Amino acid sequence: MLDLSANWQCRKKRFTFLSRRAIREGGIRARSEVLMKLKLSLLLMVFCVPSFAQFSGHVLMADQFAGATADVKINACVTAAIALTGTCDARGLGGSQTIAAQINVGSSAQVPVTLLLPSSGTWAVTITDGTSCGIKQFSSAALIGFNGGLGQLVIVPNSSATNVRALYCTDFAPTGNGSYVRAEGFQLYNAVGATLVKGAMDVESTYDNSSFENITIASYNGVGLYVKGSCCGTLFKKITSNGGGSTGAIPVVVDGGSPVGTIDVMFESLSADHAGCGQHEIEVKGGGATGAINFYNTYVETSSACSGTTHVQI
């Protein structure tokens, strides 16, 4: 009898090859077995080629999944990666891409998963429902880009008609009241007057050692970075948020919240720049048990067209 168990493990790229002994024997039975194995191996190679394109260990390639837009490809890839507790690699989706529906990095089940972002490109958000985010990150998930400064993947509203909660957000009602996440290496850019209900970047309800690093925000109306209900060592490191001096622009807002407020949050090497006239580069609000908001090596730059505005308001 033929042992076919190894033949069907396509993801491991294992095939049953011809037996030297069977070839040497040269009998009818041996030749029949050789032919059967050869045919089976050829069939497996034909049907498993798509799997090879999608899988490499537990790393799945998002650009190999079906879909007309980046969100369809990535959501399918992330769902498959969650089943493997693996990684969805979206580095092949550089260039110009469309986000027509929210990209979910993880799920409310909080299963660990990682999404790798391309080093450069433009992902345009066309959502208009006012409640979705361009990208939403759930607890136990990592969102990893590879460049800092302006050489990053840029997530933008497609036009002024775009209407979302935020271009990027965390889960604002996670199980256990807090998320544990890591996000880094991308840019959020709103220069077209799109409606971003909470802000370009909405970070809420994050817990111990959650980190956000090497992220550039340029939002020329409303709030750039909005933080609420985070605590317990959440870290924002090397974040730039620029309001462009535009009307109503506020680069950074730290808000209170429930059930724990915003407590023990660190901003390290923050650059908060160019609020709109009459606004502040950094606003820290109450509304909950808010305290121990730490700023280290902070840079603030006002808009040259404005005068008399306090840069920081608490």
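A residue is called exposed when its relative accessible area is over 50%. In this predicted model, Asn 209 has a relative accessible area of 67% and is therefore counted as exposed. Asn 209 lies in the loop that links strand E15 to strand E16, the latter spanning residues 211-219, and its phi is near 65 degrees, a positive value in a residue other than glycine.

A positive phi is also found at Asn 177, where the angle is about 70 degrees although the residue is not a glycine. Asn 177 belongs to the loop between strand E12 (166-170) and strand E13 (182-190), and its relative accessibility of 42% places Asn 177 in the partly exposed class.

Strands E12 and E15, which border these loops on one side, both take part in an open sheet of 8 strands, in which the pairing is parallel and the order is E5-E8-E12-E15-E17-E19-E22-E25. The edges of this sheet are formed by strand E5 (103-105) and strand E25 (312-313), each of which pairs on one side only. Within the sheet, strand E15 (residues 201-204) runs parallel to strand E17 (residues 223-228), and the two are joined by 4 bridges; in this pairing, Asp 202 stands opposite Tyr 226 of E17.

Parallel pairing is likewise seen around strand E20 (residues 263-268), which is connected to strand E18 (residues 235-242) by 3 bridges, with Leu 235 standing opposite Met 266 in E20. Strand E20 is also joined by 5 bridges to strand E23 (residues 291-296), again in parallel, and here Phe 267 has Phe 295 of E23 as its bridge partner.

Key. Residues are numbered from 1 along each chain as its sequence is written. This is a predicted model: local features need pLDDT of at least 70, side-chain atom pairs count only at pLDDT 80 or more; totals for chains, interfaces and linings use all residues. Side-chain values use heavy atoms; hydrogens and water are left out. Two strands pair if DSSP finds at least two bridges between them. Buried means under 20% relative accessible area, exposed over 50%, partly exposed in between (1.4 Å probe, protein chains only).
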